[in-house]
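Let's take a walk through this one, starting with a salt bridge and ending with the empty spaces inside. Have the viewer open as you read.

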Amino acid sequence: MSDRIEKPPRWADRFLGWYCNPKLLEQIQGDVHELFYWRLEEKGIKQAKRSFAWDVIRLFRWSNIKRKSNKTQNSNNIGMFKNYFKIGLRNLWKQRMPSTINMIGLSLAVGCCLVAFKYIEFQLVRDSFHENGDRIYLGTHQAFEENDVHEYGYFSWAIGDLIRENYAGVKNVVQYNTRGVEVNLTNRSFGEYAAFTTKEYFDVFSFDVLYGEKEVLAGKDKIGLAEQTAKRYFNDEYPIGKTVAITIGSESYEFEVGVVFEEAPNNSSLRPEVIIHPDFYTVDADPKETTANFFLELEEGVAVQEVLGQLQSLVEVQNGFNLDRKYEAIGLEPLTTMAKNADRIRYGIGSVPPMAPMILLACIASFMLILATFNYINIATAMATRRIKEIGIRKVIGSKRGQLVVQFLTENFILCALAISVGCLLAAGFFIPKFNVISGSTLELDILNHANLQIFLLGLLFFLTFASGAYPAFFVSRFKPVRIFRGAEKVGGKRRFTMALLTFQFVLAMITIVAGVSSVQNNNLYESKAWGYNQNDKLVVNLSKENFQAFRSEAMKNPNVLDVAASFNSLNNHWDFRKMKVGELEYEGQYLRSDAYYPEFMEIPLVEGRYFDKKLPSDLTSAVLVNEAFVKAFQLEDFVGTTVTIDSANFQVVGVLKDYFYSSFQDGIEPAVFKAEADSLLTTLTFQARSGTMIALRDELEETWSKVDSETAFSAHFQSDVREREFEDMRGLRNVLVFTASLAVLLSAMGLFGLVSLSISARFKDFGIKKVLGASALSLLRDVYKRFSFIVLFAVVAGSLLAVKVVSLLLVSVYGEHLPVDIIPLGLASLLLLIVAALTINIQMRRVRLMNPAETLRTE
Amino acid sequence: MKGTNIGELEELVLLVVGVLYEGAYGVSVLKEIKEQTGREVNISAVHAVMNRLEEKGFLRSEMGGSSSTRGGRRKRNYYLTSSGRATLDQVRTVREKLYNQLSPSGSYSFSQ
């Protein structure tokens, strides 16, 4: 027998020691040990160990666990925090000026962040509001096309119907298709994009029905309308039961309004205004050959993989149809990621949000946040150094460093909370409405019922509190009381960190100003840029082939019409891209069909050759005009005798036109071909109005129109309007950038102001004495001046260098071809920054100049 | 008097503590219960019950001596208080009163 003393399992004993309330530990541990040795004799070592462990585990209960239950301690903590808050508020109030500067800066930054957050969230989080959203999938299939397997977001109609009928786990199937229709009321007509979908639409998706029963959509003769659409049609009349005629394709049908539903939120990919029974989409077509988007709602608790596995059997069915389209596999794309993956899923629903504006906004918001935070760090540090005596005394009395840090962070927290509240007000009342005007979006700040936003605000609060408050708090709490009272702590020292932050602020400001100035420059450039043709005083009227001649001859009687030309697609309004071939080379380019006169009428200058000749019948069949970009693209030495092949027809080039912009400036100029056609094929008339009568002419022609064609609506636009949208976008961007630049300048100026003011205040007594002895204000402030002007100058130089790089990148992505970032924007920005800095410092100088030394020396 | 009501295990522990008189602490109570009734009770249950009884005022405790098997740790000794004793008496009276009212004849269907 070994004389080894058996011991209880160590881990269990330690565990007991760890959790057990120290007051109870001795007796409990004694008991379990005694039991162990007793069992050791009775039942053997194994059993004893096991029982010991079991006892320890059983003893792990609330009454035995160590915990802090001292109630007096708790209330004391609350008292401390109350104290922190009280002192914090008093300090903020005592130093009103810097506190206000900080708060304004922070709240402006918060406002910017909120706009950016709302916009980005709105763009990224799509289709997330459906109750059953996690069970809804877009049906997709993979097919081999263009030498590769791609995913397509639709099924052939027959396949979709099969899923509806045969597959377990699929609760509902909604098919969804859109096409343009014309809705005709008694006296008006509207062009709409209608959705052709099944009655399950409202069961599957969470769109609220306002009037009517959603079941009525099961019938073919009923349609659904969105609320705003219904209002547009019937004003305030009750819409249910009203009759409308809808022209789908070439057929016209009578429908009764059965349902009016609430408009989908903006971040919905499905936003139909008119809902029609799907049979009207296919009419009599073969269901195998027509296609539709199919949404599948799975049964609750059914795994996607399971359903997906079953659905694969449809691949064979589809391929059994013997169509061109062979499926490789069937897929299911969750509703919520459908829009995000729109690039991958061809012909699906939804679209990928544009990244450029999101990145720009995020950059602006973080710029502002950085500026404001740096301001805060600087000013808070400077402010805290003025409280150095307080810190010393607190420490002597027994304050721990941690407590001082908490005190400073609490003050910071109060300020940040205030700033965030003000920032929310700013955003709701000013930033977001303005931004909506600029960007044409409909953002709203709904703090109370927007969980993500609440989380964001909370996160922002803590981020700001720590990002801006940590450095000042740790910096000032580090001072040693002995040194403070001996006067050895150099508070007014150089503080390189503060200066570096200030420099960085000015660099950022410099970059934003350059961006703002450049965008103004480029906008002006673009707005005054020649379009390559004469867009002035031209009115474009859309017609149909039937009323073309009648309207034309009527309109020509109008004395305000100077000239007219006909075309199939008009410049900058309808695009038609075709593959063009010269010899072996092939390009895709713009294909414009018009009468022979149109290019000349639009005043597109001729570079070589001739315009179309109306008298030559061959010009109508085999001649084309090309632009300079065409010549360049196909590397033509001489246009004469060049044959262009478009859609397997051959054309002779008879002339070269000067380049003109047929789409936006950003897109640049690509090859374009003008083809003359007989009038019988044309559907658009462009009128040259007598100068100054354009608007009158439009109204007169509308009257003329009603005589010729009372059925369809008059549709016309000014040629000069076709790029209005593009200019609007550019102006919007310019406004955003200019606004950002002004904010950045304001913030850095405030930062500078605060710092200069604090550094002057700290030495006010010095100044007083010097002034009594006859020093001038300038000589007093010489070193203050020197230090800050060095920073500003350095920032101007460094900022210029950086701005050239950064702003060029921005301009390329926004404007395409742009003016270089040269001396003009850089010079203007530098000048602006220097003036603002000089003004800021001089306001402070005034304080010193006007100071009465007697006053300053008397106090304290 | 709801406050003096005690559960079955509580009653058992209370009795055992009374029986052991001077030597009642966790392990001895546990062993005594096992010997006298054959019931295996976990030590944690014994502790919990004794704490509860002490809170109710039926037991009082003080730290006692140590022994080598406990690794030198002291034990907490428990004693029956007068109110504990009164409760036990009361429980017993109620029980006996009821027991005596049982019909002596075989009118119960014991066979089932």
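Start in chain A, where the side chains of Arg135(A) and Glu300(A) meet in a salt bridge, with 3.7 Å from N to O. This is a predicted model, so please read every value here as computed from it. The pair ties together distant parts of the chain, 165 residues apart. Arg135(A) sits in the loop between helix H5 (96-124) and strand E1 (136-145), while Glu300(A) belongs to the loop between strand E11 (291-298) and helix H10 (304-311). Over all chains, the count comes to 25 salt bridges.

Another long-range spot in chain A is worth a look. Val722(A) is in the loop that runs between strand E24 (715-718) and helix H24 (724-761). Its C-alpha atom is 6.3 Å from that of Asn573(A), although 149 residues separate the two along the chain. Which residues does Val722(A) touch, once its neighbours within four places in sequence are left aside? The contacts are Trp531(A), Tyr533(A), Leu571(A), Asn572(A), Asn573(A) and His717(A).

## Where the chains meet

Now over to the interface. Here 18 residues of chain A are in contact with 20 residues of chain B. Together the two chains bury about 1900 Å², and carbon and sulfur atoms give 51% of that area. Glu26(A), Gln27(A) and Glu34(A) supply 32% of what chain A buries against chain B, more than any other three residues.

How many salt bridges are there between chain A and chain B? The count is 1, and it is made by the side chains of Arg74(B) and Glu26(A), at 3.1 Å from N to O. So Glu26(A) turns up twice, as a partner in that salt bridge and as one of the three residues that supply 32% of the buried area on the chain A side. There are also 5 residue pairs in polar contact across the interface, counting pairs with both residues at pLDDT 80 or more.

On the side of chain A that touches chain B, the elements giving two or more residues are H2 and helix H3 (45-59). H2(A) gives the most, with 13 residues. By class, that side divides into 7 nonpolar, 4 polar and 7 charged residues.

## The empty spaces

Searching the whole structure turns up 2 cavities of 30 Å³ or more. Here they are side by side:

| Cavity | Volume | Lining by class |
|---|---|---|
| Largest | about 140 Å³ | 9 nonpolar, 3 polar, 2 charged residues |
| Second largest | about 30 Å³ | 3 nonpolar, 3 polar, 3 charged residues |

The largest cavity is lined by 14 residues, and the closest to its centre are Tyr376(A), Ala380(A), Met383(A), Phe408(A) and Glu411(A). Three helices of chain A give two or more residues each to this lining: H13 (355-385), H15 (401-439) and H16 (451-477).

What lines the second largest cavity? Chain A brings Gln27(A) and Asp31(A), and chain B brings Tyr25(B), Gly26(B), His47(B), Met50(B), Lys75(B), Arg76(B) and Tyr78(B). The elements giving two or more residues here are helix H2 (22-43) of chain A, plus helix H3 (43-56) and strand E2 (74-80) of chain B. E2(B) has the largest share, with 3 residues. Gln27(A) is a familiar name by now: besides lining this cavity, Gln27(A) is among the three residues that supply 32% of the area chain A buries against chain B.

Technical notes:
Residues are numbered from 1 along each chain as its sequence is written. Chains are lettered from A and ligands numbered from 1 in the order in which they are written. This is a predicted model: local features need pLDDT of at least 70, side-chain atom pairs count only at pLDDT 80 or more; totals for chains, interfaces and linings use all residues. Side-chain values use heavy atoms; hydrogens and water are left out. On a 1 Å grid over the protein atoms alone, a cavity is a set of points where a 1.4 Å probe fits but cannot get out, and a pocket is an open set with protein on both sides within 12 Å along at least five of seven lines; lining residues have an atom within 4 Å of a point. Grid points are joined across faces, edges and corners, and a volume is the space filled by probe spheres set on the points. Helices (H or I, at least four residues) and strands (E, at least two) are DSSP runs, numbered from the N terminus. Ala, Val, Leu, Ile, Met, Phe, Trp, Tyr, Cys and Pro count as nonpolar, Asp, Glu, Lys and Arg as charged, and the others, Gly among them, as polar. Contact means heavy atoms within 4.5 Å. Buried area is the accessible area (1.4 Å probe) that two parts lose on being put together, summed over both. A salt bridge is a side-chain nitrogen of Lys or Arg within 4 Å of a carboxyl oxygen of Asp or Glu. A polar contact is a pair of N or O atoms within 3.5 Å; within protein, one must be able to donate a hydrogen and the other to accept it, and residues adjacent in sequence count only if both atoms are side-chain atoms.
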